Amino acid sequence: MASEVDQIISTMAAGNHFLLNGGAGSGKTHTLIELIQRITEKEPKAKIACITYTNVAADEITERANSFSLKASTIHDFLWDNIKGFQTNLRDAIIELNEDVSEEELSRDKEIKYLEYKSLKKGVISHNEVLQLAKFLFIKHPLLSKIINDKFDYIFVDEYQDTSEEVIDILLTHLNKKELDLKIGLFGDSMQSIYDGIGKIKIEELEFREHQKLLKEVPKKLNRRNPRKVLDIANQLRNDGLTQEPAKNIGSPNIKKNGTHKEGNAIFLYSSLKNKTLKEVLESDYCSNWDFENYSDKEKPLSKILFTRNSQIAKEAEFNSLFQIYEKDKIIGGSGYVKRIKDFLKANPIEDDINSLTFLELLDRLTKKYDEKLDIKKALELVENEKKNKDTTQKAINAVKKVHPGIEKILPARTMCDFIFDNKKLFETALNSEFQNLANTYINKDKLIGKKNSKNSNSNKRNDERDVLIKHLYKIQEIITLYKDSDIIKLIKKVDFKIQIGKHKILLKDKMDNLCLLTSSKIEDILDYIETSELFNIDSRITEFIEKNPYLIERIKRVSYSEIENLYNYTEGLSSYSTQHGVKGDEFDNVLVVINKDKISQLTVCYKTLFEGDSEDKKYYDRTLNLFYVACTRAKEDLVVFYEGDCSDKVIIKAREWFGKSNVIDLDKEV
């Protein structure tokens with residue numbers, strides 16, 4: 001039987017586009033790389049565009065394909081690169097698509113730019129607008145399709161299932177014409193659709209016109225990763241008619257030296273008493289022999305623990321104090337006191353110029369609008385005094401409200417008050433800060449954790465959302481890691497301390513030894529040392545960030561530096577912890593998937609819905625099924641699923657159906 005690459009080449013030679021659909025561990029990326037290399041050998045001058053979901057994937061494909069003919073990039077970068085030259089058309093499109101943007105406001109001298117944020121009247125667009133504008137331009141200006149055709153001979157899309165409908169429409173409608181020589185290929189797996197992409201493409205339901213080429217499916221059925229027990233579960237989870245088979249060649253990870261399929265293990269654990277912890281699971285017979293210390297040849301941990309949310313990992317991986325600051329700060333966080341006051345000012349504008357006011361000055365002025373005799377500190381003191389006589393902070397706020405009607409609109413909410421009472425000195429720092437600086441400080445988990453970013457210095461860096469201070473701390477942790485790993489050549493390249501004579505190496509060693517000794521102390525101690533150590537030239541952006549954000553800096557300084565080390569290890573893939581979303585494309589010897597009944601609206605995930613078969617909640621069911629499929633199929637040897645907390649009878653029944661009765665184990669009934 002012809003290989004998938006041969007089938008693809010035959011399909012394109014017959015004048016058709018193709019869709020390669022393959023399950024987890026089937027080697028889709030390998031096929032993509034081989035196809036690019038085959039084309040490059042036959043057609044050295046061919047121009048190939050490869051569209052990926054992340055910059056990391058683009059880097060990997062570029063590195064592995066090693067082809068001068070290839071340009072790999074994310075879909076947003078690909079589209080922007082091809083429309084950014086048409087500035088007049090972009091300006092007209094923005095005005096036509098947005099009623100609140102006029103020709104006068106978006107003048108012709110303003111360059112349309114693609115940045116991290118949106119400000120249409122200034123000509124700044126973000127991710128969503130790139131897709132919207134690209135689709136609009138392809139519809140309104142058919143010549144754009146011919147321009148793309150002249151630039152590229154092939155366009156391949158990796159992970160098509162996560163690509164937006166707008167992009168698939170551009171490819172299969174506007175770029176799909178028999179008159180164009182362009183050949184289009186889609187690679188992916190509908191069962192691994194875990195983002196808001198198009199998901200499954202049903203070729204039989206697509207309608208192509210006479211002037212268009214057809215889309216032909218090339219199935220990829222072999223699985224070279226999963227042992228039998230894991231593959232059996234994966235095939236049960238699939239709902240697209242594709243049944244994977246184990247690879248035939250002995251070199252595949254899931255095939256033994258004698259040519260037989262590895263057996264592996266697939267276990268489902270729960271606690272009928274709802275009291276078993278992750279630590280107890282890891283110490284159980286099912287995980288106790290797993291290797292959490294060493295790494296594979298690809299520098300990946302041999303064993304992984306997969307959670308649904310970063311908040312769970314922050315606790316287990318021990319960077320929770322930092323996570324709480326960036327995700328749930330009660331003063332400057334997304335639902336903090338500053339946001340409360342900003343919302344109040346939107347609903348109740350004041351005549352005062354607040355740009356030069358401190359937070360304290362602003363709060364005092366607002367407080368006095370309800371009671372001339374009060375300022376914010378006195379109002380908070382009243383609440384704190386009332387709290388001594390009441391059961392809860394909310395009752396204390398209500399008591400003050402009765403005496404001073406309206407003051408509750410300015411007072412912090414209950415949990416904010418509790419935080420302020422416990423952190424008076426810290427709150428004083430916020431009060432003395434300029435309100436505008438506080439109001440312009442945006443913190444969330446992405447400012448801490450960031451997103452997977454490209455290693456390619458020429459690629460768009462928008463995905464790196466960490467704030468300036470965290471990036472600075474990462475640079476510090478990077479040189480600490482290099483020093484501990486004895487990678488002195490890389491270390492010397494990373495530091496600004498110049499090695500000119502022999503004794504400079506001794507000085508560098510002393511500086512690094514002193515730095516490493518401080519890793520058991522607070523972040524403040526590390527920052528103070530770096531400032532005087534000459535290891536780095538401190539960037540002016542760091543100094544400016546520190547000056548403008550005294551409250552945030554004060555909070556971070558108090559945290560143990562070990563949390564930065566733990567955070568760094570997690571985000572750099574050196575930790576045994578990961579989210580279930582974050583491991584797509586990866587593989588590990590052993591995988592522990594931790595799930596529970598929680599409904600997570602931000603992710604459209606609910607394992608209770610999946611296991612109890614709630615068909616009314618189809619969106620949650622489908623997305624969770626796909627995520628569970630992704631998580632389970634990472635395992636090359638052993639898979640353990642732990643349903644923590646309340647596990648219903650329905651969940652157990654479904655687990656027995658998928659895993660087999662003997663493999664579904666109540667940890668509280670083990671002998």
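Mentor: Let's start with vocabulary: a helix here is a DSSP run of H or I with at least four residues, a strand is a run of E with at least two, and both are numbered from the N terminus. Take Val583: the loop that holds Val583 runs between strand S13 (577-579) and strand S14 (588-595).

Trainee: What should I know about the model and its numbering?

Mentor: This is a predicted model, where local features need pLDDT of at least 70, side-chain atom pairs count only at pLDDT 80 or more, and totals for chains, interfaces and linings use all residues. Residues are numbered from 1 along each chain as its sequence is written, and side-chain values use heavy atoms, with hydrogens and water left out.

Trainee: How many helices and strands does the chain come to?

Mentor: The count is 30 helices and 18 strands. Radius of gyration comes next, taken over C-alpha atoms and set against a globule rule of 2.2 Å times the number of residues to the power 0.38. The chain has 29 Å, close to the 26 Å that the rule gives for 671 residues, so it is as compact as a globular protein of that length. Along the principal axes, the C-alpha trace spans about 85 × 75 × 70 Å.

Trainee: How many of the 671 residues, as a percentage, are buried?

Mentor: Buried means under 20% relative accessible area, exposed means over 50%, and partly exposed is in between (1.4 Å probe, protein chains only). By that cut-off, buried residues make up 51% of the 671. For total area, the method is Shrake-Rupley with a 1.4 Å probe, and for residues only the protein chains shown count as cover. The chain exposes about 33200 Å², with 46% of it supplied by carbon and sulfur atoms.

Trainee: And where do the centres of the positive and negative side chains lie?

Mentor: Lys and Arg count as positive, Asp and Glu as negative, while His and the chain ends are not counted. Each charge is placed at NZ of Lys, CZ of Arg, CG of Asp or CD of Glu. There are 107 positive and 111 negative side chains, and the centres of the two sets lie 1 Å apart.

Trainee: Back to Val583. Which residues does Val583 touch?

Mentor: A contact means heavy atoms within 4.5 Å. Leaving out residues up to four places away in sequence, Val583 touches Leu306, Ser578, Phe588 and Arg634. Val583 and Arg634 are 51 residues apart in sequence, yet their C-alpha atoms are 7.6 Å apart. Val583 counts as buried, at 1% relative accessibility. Chain-wide, of the contacts between residues at least 6 apart in sequence, 70% join residues at least 24 apart.

Trainee: Now a helix case: where does Val400 lie?

Mentor: Val400 sits in helix H16 (residues 393-403), and it is buried at 4% relative accessibility. Beyond its neighbours within four places in sequence, Val400 is in contact with Leu382, Val383, Glu386, Ile407 and Leu411.

Trainee: Is Gly645 buried, partly exposed or exposed?

Mentor: Gly645 is partly exposed at 25% relative accessible area. Its place is the loop between strand S17 (635-643) and helix H30 (649-659). Not counting residues up to four places away in sequence, Gly645 touches Ser271 and Lys274.

Trainee: How do I read a phi value? What is the phi of Asn66?

Mentor: Most residues other than glycine have a negative phi. Asn66 has a positive one, near 50°. Asn66 is found in the loop between H3 and strand S3 (70-74), and it is exposed at 66%. Glu534 also has a positive phi, near 70°. Glu534 lies in the loop between helix H24 (523-533) and helix H25 (540-548), and it is exposed at 51%.

Trainee: Last one: how many disulfides does the structure hold?

Mentor: In general, a disulfide is a covalent bond between the sulfur atoms of two cysteines. The test here is a pair of cysteine sulfur atoms within 2.5 Å. The structure holds 0 disulfides. For Cys287, the nearest cysteine sulfur is that of Cys632, 13 Å away.

Trainee: Why is Cys606 too far for a bond?

Mentor: Because the closest cysteine sulfur, in Cys647, is 13 Å from the sulfur of Cys606. Cys606 is buried at 4% relative accessible area, and Cys287 also counts as buried, at 1%.
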